[in-house]
Amino acid sequence: MAPIAVGDSLPDGTVNYFDENGDLKSVSVHSLAAGKKVVLFGVFGWLSSLKHVPGFIERAEEFKSKGVDELLCISVNDPFVMKAWAQSYPDNKHVKFLADGAAKYTHALGLELDLSEKGLGTRSRRFSLLVDDLKVKAANVESGGEFTVSSAEDILKVL
C-alpha cells in the first residue's frame with residue numbers, strides 16, 4: 001500500500017487514549033479530526049519520542065496561533081504505554097497521545113515499518129501530517145528510522 005500523501009483523505013480508524021480524567025477512551029480518528037485542522041504525527045517507539053515529541057509540546061502555542069485545533073501523537077503501542085509517555089511530559093497541555101495497539105490504523109495510512117528482524121515487530125514510521133477537515137495538506141514521511149523531515153519545525157513551515 002502506498003503511503004498517505006498530499007490530497008488524500010485521512011482514513012478513519014479506531015485509536016485509544018486516556019482522557020484528562022484518566023478514563024480509557026476508544027475513538028474514531030475522524031471524530032478527532034473532522035471539521036478541524038490537525039497535525040497527526042507518528043513515532044515508532046519511546047526513544048523515537050525523545051527526539052520527536054518535545055518539539056510539538058514546546059511549539060504547541062505556535063501551532064494553535066496558526067489555526068491548528070489538535071496535535072495528535074500516534075504510535076503502535078498499547079494505551080497504557082502511551083499514557084506513561086504522556087505523563088513523562090508534565091508541561092504538555094496540547095498533545096494527545098493515541099495508541100494504535102495492533103497497527104491497524106498505521107497500516108491504513110500506509111506508514112507501517114517492519115522491524116521484526118530487530119525483535120520489534122510492526123511499528124510506525126516517523127511522520128507528520130497536516131490535515132484540514134480530513135484532507136491531507138502536507139505529508140512529511142521519514143524513510144526507515146530517519147528523523148530529517150517530520151519534526152514540529154518542519155510541519156510549521158507549511159502553516
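Start by selecting G42 and F127: F127, in strand β8, is the bridge partner of G42. (Strands, E in DSSP, are runs of at least two residues; helices, H or I, are runs of at least four, and both are numbered from the N terminus.) This is a predicted model, in which local features need pLDDT of at least 70 and side-chain atom pairs count only at pLDDT 80 or more, while totals for chains, interfaces and linings use all residues. Residues are numbered from 1 along each chain as its sequence is written, and side-chain values use heavy atoms, leaving out hydrogens and water.

**Strand β3 and its neighbours**

Now show residues 127-132, which make up β8: 6 bridges join β8 to β3, and the two run antiparallel. Two strands count as paired if DSSP finds at least two bridges between them. Next, add β4 (residues 70-75), which runs parallel to β3 and is joined to β3 by 5 bridges. Here L72 is the bridge partner of L40. Colour β3 (residues 37-42) by accessibility: 5 of its 6 residues are buried, so the strand is largely enclosed by the rest of the structure. (Buried means under 20% relative accessible area, exposed over 50% and partly exposed in between, with a 1.4 Å probe and protein chains only.)

**An aromatic cluster**

Select F41, F56 and F63, which form one aromatic cluster. F56 and F63 are stacked, 5.6 Å centre to centre with 15 degrees between the planes. (Rings of Phe, Tyr and Trp, the last by its six-membered ring, pair if their centres lie within 6.5 Å; planes under 30 degrees apart are stacked, over 60 edge-to-face and the rest tilted.) F56 is buried at 0%, and F63 is buried at 0% too.

**Helix α4**

Move to residues 79-87, helix α4, where P79, M82 and W85 are buried. Those buried residues fall within an arc of 115 degrees seen down the axis, so they line one face of the helix. (The arc is taken from the directions from the helix axis to the C-beta atoms.) What is exposed on the other side of α4? Select F80 and Q87 to see.

**Salt bridges**

Finally, select R59, E62 and E153. In a salt bridge, a side-chain nitrogen of Lys or Arg is within 4 Å of a carboxyl oxygen of Asp or Glu. The closest N and O atoms are 2.8 Å apart between E62 and R59, and 3.1 Å apart between R59 and E153. R59 and E153 link distant parts of the chain, 94 residues apart: R59 is in the loop between α2 (46-58) and α3 (60-65), and E153 is in helix α6 (residues 152-156).

Methods. The arc is that of the directions from the helix axis to the C-beta atoms.
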